[in-house]
Amino acid sequence: MISLTFPDGSKRDFKPGVTGRDVAEQISKSLGKKAVAMTLDGKVKDLSEPIKADASVRILTREDPEALELIRHDAAHVMAEAVQELYPGTQVTIGPIIDNGFYYDFARDEPFTPEDLPVIEAKMREIIARDSPFTCEVMDRAEAKKLFAGKGETFKLELIDAIPQGDEIRIYSQREWLDLCRGPHMTSTGKVGKGFKLLKIAGAYWRGDSNNPMLQRIYGTAWASEEELAAYLHQLEEAEKRDHRRLGREMDLFHFQEEAPGAVFWHPKGWTLFQALIGYMRRRQQASGYVEVNSPDMLDRALWEQSGHWEKFAENMYIAETPDERVYACKPMNCPGHVQIFKHGLKSYRDLPLRLAEFGKVHRYEPSGALHGLLRVRHFTQDDAHIFCTEDQITEECVRLNEQMLSIYRDFGFEDVVIKFADRPTKRVGSDEVWDKAEAALKRAVEAAGLHYQFNPGEGAFYGPKLEYVLRDAIGRDWQCGTIQVDLNMPMRLGAFYIGPDGEKTVPVMIHRAMFGSLERFTAILIEHHAGHLPLWLAPVQVMVAPIVSDADAYATKVLDALKRAGLRAEADLRNEKINYKVREHSLAKVPVMFVVGKRETEEGTVSVRRLGSQQQQVLPLDAAIKGIAAEAVPPDLAEAQARAA
């Protein structure tokens, strides 16, 4: 007999080879009907999988969170069957699950069109209604290759060849249709349900290699219920309205062009916003004891080899050879440069912690297909900082950093923040002993700060473990922004040391820290979070003065001058256009405040104040209007300082 342990801690004995389905039915008939899969010692398995040894078991239904990935995986298989039923001769390649959905890549001579998607969806509903059982067969390698060769599935033959010798080759069937798949799956196609939709068609190279054939990719989304699907589709609609690329055009912030792929051409208004972010962060850093530095954009290959970047990151680096045959790389990170600044001049333990900050421009090669507006670029600015400290100072520094990080996100309107702890990745530098030490130190800091965090295994930086700060935006999307990383490897590799209390050379701890992360990416997130309606203190143009008639132009100019003297970013629209046209245009550009002036305002020394998104107007004396707007436009960190001083 084998002993199975259930989530409530109870144990029951079963015969070896019992399946999850048998277990579910023995617990209760209703659970047997609702069960779709199981977890065996924490791993999701088919309900038909034989259980051969003692294990912890949990029966899963469609309502369990783990079932969502199964729903999406099964939906991908159903879509592939639908495509091959509708378009004979189409080859299926791979169909993984992704965030919020799934896709499948197909090889077909004729291109799919958007009009094909509803047809494929209708066929998927037919297949789901059939409620065909998913069955798994472990097949001999030669037999599997013969099977797919007979079907003309040449891509599957490549996939079989890529499966390591000794690994099982599994074939999943749903009625007559079958596919090569590791699994697991739910019990039948009917369990997919109705909460799915096909979204778009795209091109994709086989195995992501541009030397391979171009395939056609169909993306879909699937959820446990139609209500969840509707909520997600609404989120997509909102995301489309908030797309920072469209808003960037309407607000005249930036553009991209092919001569500099993945690099931003900042327009005056966009650069004003960018500098407002830097100004804010510079003030917050200075208040926390950072000193600002600047390190070279290009460094010799030898330094990158010494730091470990060349081995772990060279494929993403821009490399150049000079006429004197020296090889340089544009910096993908600021860390090695900051170590050089730390090393310049002898440091004592009394000098620590030393907090070095830089708004450093870094360069990382990204495949052209991965580029996406400001969210994914090849050249970007980091609000980077490195704290050189003793081991005893790690906890205090990380606690201070966490408090500052959360305060900064609140200032930008992000209240919902999730923290993830990421430990050592497979591709890393340094010994396990050093990693053990770094991970233990960061965990102590997390516990001292009283943080609740999620575990993100294997996602640390190649030189140290990290905390990731994930912001949830106004429409429920998650964005990973800030990081705190504890690094005992790089300072050692680059020969950094300080003189300890015992007079001996001691390697410092290096805490890597970014708050925004990439300023370009944070700008995109900020635009989308606020749908372009940026807080007044951040708006590139805070007030637009718009005369109704040309007779008011002189007064409008006087108003503009007064706004500028008050430190506000203001412009005047003196064009010979109707006021409604001006209001529409500046509303589209997301200017938060308009001062409308006409003959009456000129005579009375007033302005008519209009707020973005409101049809209401408020007539105020000019001085009072400017005083109110100026007070509202004070950045939150300065407003807090003023409140403390009052």
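Here a student and a tutor talk through a predicted model and the terms used to describe it.

Tutor: Residues are numbered from 1 along each chain as its sequence is written. This is a predicted model, where local features need pLDDT of at least 70, side-chain atom pairs count only at pLDDT 80 or more, totals for chains, interfaces and linings use all residues, and side-chain values use heavy atoms, with hydrogens and water left out.

Student: Why is serine 348 called buried?

Tutor: Buried means under 20% relative accessible area, exposed over 50%, and partly exposed in between (1.4 Å probe, protein chains only). Serine 348 has 19%, so it counts as buried.

Student: Where does serine 348 lie, and what is it in contact with?

Tutor: Serine 348 sits in the loop between helix 12 (335-343) and strand 22 (354-363). Helices (H or I, at least four residues) and strands (E, at least two) are DSSP runs, numbered from the N terminus. Leaving aside neighbours within four places in sequence, serine 348 is in contact (heavy atoms within 4.5 Å) with Tyr498 and Ile499. A polar atom of its side chain also lies 3.0 Å from the backbone nitrogen of arginine 350.

Student: How do you know that cysteine 136 and cysteine 181 are too far apart for a bond?

Tutor: A disulfide is a pair of cysteine sulfur atoms within 2.5 Å. The sulfur of cysteine 181 is the closest one to that of cysteine 136, yet it is 8.3 Å away, so there is no bond. Cysteine 330 is in no disulfide either, as the nearest cysteine sulfur, that of cysteine 335, is 16 Å away. The structure holds 0 disulfides.

Student: What makes cysteine 136 partly exposed, and what is cysteine 330?

Tutor: Cysteine 136 has a relative accessible area of 33%, so it falls in the middle class. Cysteine 330 has 18%, so it is buried.

Student: What makes the pairing of the open sheet mixed?

Tutor: Two strands pair if DSSP finds at least two bridges between them. The sheet has 8 strands in the order 18-22-23-30-27-26-24-25, with mixed pairing. Its edge strands are strand 18 (291-292) and strand 25, each pairing on one side only. Strands 24 (residues 417-422) and 25 (residues 453-456) pair in the parallel sense over 4 bridges. By contrast, strands 26 (residues 466-472) and 27 (residues 478-487) pair in the antiparallel sense over 6 bridges.

Student: Which residues are bridge partners there?

Tutor: Alanine 422 has asparagine 456 in strand 25 as its bridge partner, and lysine 466 has glutamine 485 in strand 27.

Student: How do you know that helix 16 is mostly covered?

Tutor: Helix 16 (residues 519-529) has 10 of its 11 residues buried, including Phe522, Leu526 and His529. At its N-terminal end, serine 518 acts as a cap, with a side-chain oxygen 3.3 Å from the backbone nitrogen of glutamate 520. That fits a polar contact (N or O atoms within 3.5 Å; within protein, one must be able to donate a hydrogen and the other to accept it, and residues adjacent in sequence count only if both atoms are side-chain atoms).

Student: Which residues touch the most other members of the largest nonpolar core?

Tutor: Phe412, Leu467, Phe516, Phe522 and Leu538 do, out of 62 residues. A nonpolar core is a set of buried Ala, Val, Leu, Ile, Met, Phe, Trp, Tyr and Cys residues joined through side-chain atoms within 4.5 Å.
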